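Here are a few notes to help you find your way around this structure. Have the view open beside you and take the points in order.

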2 protein chains.
Amino acid sequence: MDSAIALSLSTHCPQCALKNRCLPQHLDATALLRFDAIVQRSRPLRQGAHCFNAGDPFRSIYVVRQGAIKTYSMTEEGEEQVTGFYLAGDCFGFDGIHIQRHTNSAKALERSHLCEIPFEQLEQLCSAIPHLQHYAFQLASHQIVLEQKRMQLMGKRAADARVAYLLLDYIQRATHGNPQGEILLPMSRYDIANYLGLSVETVSRILSRLLAQGIIDLQGRRVKLLSLAGLRAQAHMDTAAPVRLLFPG
Amino acid sequence: MDSAIALSLSTHCPQCALKNRCLPQHLDATALLRFDAIVQRSRPLRQGAHCFNAGDPFRSIYVVRQGAIKTYSMTEEGEEQVTGFYLAGDCFGFDGIHIQRHTNSAKALERSHLCEIPFEQLEQLCSAIPHLQHYAFQLASHQIVLEQKRMQLMGKRAADARVAYLLLDYIQRATHGNPQGEILLPMSRYDIANYLGLSVETVSRILSRLLAQGIIDLQGRRVKLLSLAGLRAQAHMDTAAPVRLLFPG
DNA sequence: CGGGGGGTTGATAATGCTCAATATCGGTGG
DNA sequence: CCACCGATATTGAGCATTATCAACCCCCCG
């Protein structure tokens with residue numbers, strides 16, 4: 001399975017299985033080659049290794065070719081705050097553009113292959129290829145939209161909805177909308193809790209409840225979705241903001 | 001005061017008092033003129049008027065010349081979620097680039113003057129002026145960083161710290177780091193609560209407490225900072241989430 | 001003068017946190 | 001191979017922060 005995926009992950013963009021996920025659709029062959037030429041593919045990051053650390057000078061943005069990355073920042077008190085989980089095809093590192101310095105750290109949750117895209121060269125290419133420039137803006141915009149969605153989650157949803165939403169989102173991303181088989185969560189309960197603004201215990205309890213309700217199958221980090229509808233219901237369910245009937249007059 | 005500011009807000013970039021806040025520093029005169037040529041300055045938005053609505057096709061990003069804008073999105077259940085408050089010099093609308101359609105609505109909290117920057121033309125200009133392209137990426141990146149900061153706030157901070165942080169941030173932005181005088185909050189308590197993921201009552205109570213503690217002076221939406229140190233202490237204080245480092249693995 | 005939106009305050013309840021105990025798992029060394 | 005250890009995960013009990021409900025005030029505006 002993993003090897004099958006790996007086989008189609010060529011080291012060059014034109015053959016890469018993910019090119020439709022991390023590159024604009026209608027890029028002509030020449031442009032694709034020029035883009036491919038600036039991409040750097042270093043050897044894989046081992047589990048726990050850092051791609052970059054908060055404070056590092058910003059040089060590149062990154063795309064996950066295989067594996068899973070978590071990004072996190074530190075509050076002034078030195079507590080970690082997980083800012084995102086990135087899977088194959090996902091792009092991260094945009095936080096660094098602003099002050100030319102990363103504000104997050106990025107760490108491999110499992111052995112991961114990345115494509116590094118030096119930003120200065122990308123900018124040059126963007127000037128020459130309007131299509132690519134537009135796509136780069138779209139990627140940054142996507143990051144913004146994702147973060148706003150997450151604010152909705154943290155601001156308005158009860159704990160169970162948050163956990164359900166994360167599971168739903170993760171399973172869909174990891175299986176490309178084919179949420180049947182068993183998947184392995186690469187992140188710890190601590191990471192999940194931190195990401196959702198909850199305590200580990202709460203996350204654990206909610207997962208146990210989802211298991212008891214027959215919505216998921218679960219052992220450790222292995223999850224299997226049993227009831228998509230059930231999980232969806234939990235994700236939307238909002239005990240924190242009850243449905244309030246209003247009188248028509 | 002307001003009139004004094006207004007006087008220096010020319011309708012054209014080269015003379016605008018805010019040009020150092022919304023444009024890159026080292027833009028040569030020609031580039032500045034070319035940029036100025038694409039900016040549209042329509043008549044002011046009256047209080048409560050919308051700049052755009054969620055779902056509208058994306059055409060432009062906007063800069064606040066004067067006034068205050070709030071952006072908000074809707075959850076699937078139809079609840080509002082405030083995503084940001086924007087003051088003079090601030091730029092908003094980046095959420096729309098991703099799918100060519102706004103995901104937020106933007107509404108004037110008070111009578112506001114905006115500069116509209118048609119995005120297609122901006123992109124063309126960016127291709128020709130590398131400096132401007134870089135700056136546009138920086139702006140988008142800044143938005144990302146701001147939202148990540150807010151996640152820290154919602155994920156890790158207790159209610160009082162959130163309110164204190166908002167006040168601190170708002171006062172500093174509204175006074176340009178001269179946090180002495182009295183300022184007028186343009187947003188309702190509901191907006192503040194919604195933005196921070198709290199209930200109105202909680203926000204009100206915490207403001208009252210800050211007043212009782214002599215940290216701020218407060219009547220309605222009029223606020224005056226009395227103790228910067230005190231407010232800072234409240235903003236950092238973190239009763240809700242104990243210091244707990246995530247595991248190194 | 002009445003109505004409504006916005007704001008404050010109080011009482012009560014509950015969601016989710018803290019503390020604490022226990023279970024599981026993976027690796028490591030005897 | 002087994003014992004042991006640290007890291008991770010689950011579960012229980014009690015409590016605190018914060019939401020909810022309710023009452024009230026204030027001010028603006030028609």
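Which residue of S6(A) does Ile69(A) stand opposite? Keep that in mind for the first point, and remember throughout that this is a predicted model.

1. The sheet of chain A. The partner of Ile69(A) is Ala108(A), which stands opposite it in S6(A). The two strands concerned are S3 (residues 69–74) and S6 (residues 105–108) of chain A, and they pair in the antiparallel sense over four bridges. They belong to an open sheet of four strands in chain A, ordered S1-S6-S3-S4, with antiparallel pairing. At its edges you will find S1 (50–52) and S4 (80–86) of chain A, each of which pairs on one side only. From one strand to the next, the twist averages 30°.

2. A helix on that sheet. Helix H7 (residues 189–196) of chain A packs on the sheet and touches S3 and S4 of chain A. The direction of H7 makes about 100° with that of S4(A).

3. The sheet of chain B. Now please turn to chain B, where three strands form an open sheet in the order S8-S10-S9, with antiparallel pairing. Strand S8 (182–184) and S9 of chain B stand at the edges with a single partner strand each, so one side of each has no neighbour in the sheet. The twist here averages 20° from one strand to the next. Helix H6 (residues 159–175) of chain B packs on this sheet, touching S8, S9 and S10 of chain B, and its direction makes about 100° with that of S8(B).

4. The hairpin of S9(B) and S10(B). Strand S9 (residues 216–219) and strand S10 (residues 222–225) of chain B run antiparallel and are joined by four bridges. In S10(B), Lys224(B) is the bridge partner of Asp217(B), and Arg222(B) stands opposite Gln219(B). Two residues lie between the strands of the hairpin, and Gly220(B) takes a positive phi near 65°.

5. The two faces of S9(B). Which side chains of S9(B) are buried, and which are not? The side chains alternate along the strand: Ile216(B) and Leu218(B) point to one face and are buried. Asp217(B) and Gln219(B) point to the other face and are not buried.

6. A buried loop residue. Val39(B) sits in the loop between helix H3 (29–38) and strand S1 (50–52) of chain B. Its relative accessible area is 9%, so Val39(B) is buried. Beyond its neighbours within four places in sequence, Val39(B) is in contact with Cys13(B), Cys115(B), Glu116(B) and Ile117(B). You can also look for Gln121(B): its C-alpha atom is 9.4 Å from that of Val39(B), although the two residues are 82 apart along the chain.

7. Where two helices of different chains meet. Finally, look at helix H4 (residues 119–128) of chain A and helix H5 (residues 130–156) of chain B, which pack at an angle of about 120° with their axes 10 Å apart. That angle makes H4(A) oblique to H5(B), and their crossing is right-handed. H4(A) contributes Phe119(A), Glu123(A), Cys126(A) and Ser127(A) to the contact, while H5(B) contributes Gln133(B), His134(B) and Phe137(B). The residues of this contact divide into three nonpolar, three polar and one charged.

How values were computed. Residues are numbered from 1 along each chain as its sequence is written. Chains are lettered from A and ligands numbered from 1 in the order in which they are written. This is a predicted model: local features need pLDDT of at least 70, side-chain atom pairs count only at pLDDT 80 or more; totals for chains, interfaces and linings use all residues. Side-chain values use heavy atoms; hydrogens and water are left out. Axes are lines fitted to C-alpha atoms, for helices over the stretch in contact, and angles run from 0 to 180 degrees between N-to-C directions. Angles under 35 degrees count as roughly parallel, over 145 as roughly antiparallel, 65 to 115 as roughly perpendicular and the rest as oblique. A crossing is left-handed if the near helix is turned anticlockwise from the far one by less than a right angle, and right-handed if clockwise. Contact means heavy atoms within 4.5 Å. Ala, Val, Leu, Ile, Met, Phe, Trp, Tyr, Cys and Pro count as nonpolar, Asp, Glu, Lys and Arg as charged, and the others, Gly among them, as polar. Buried means under 20% relative accessible area, exposed over 50%, partly exposed in between (1.4 Å probe, protein chains only). Two strands pair if DSSP finds at least two bridges between them.
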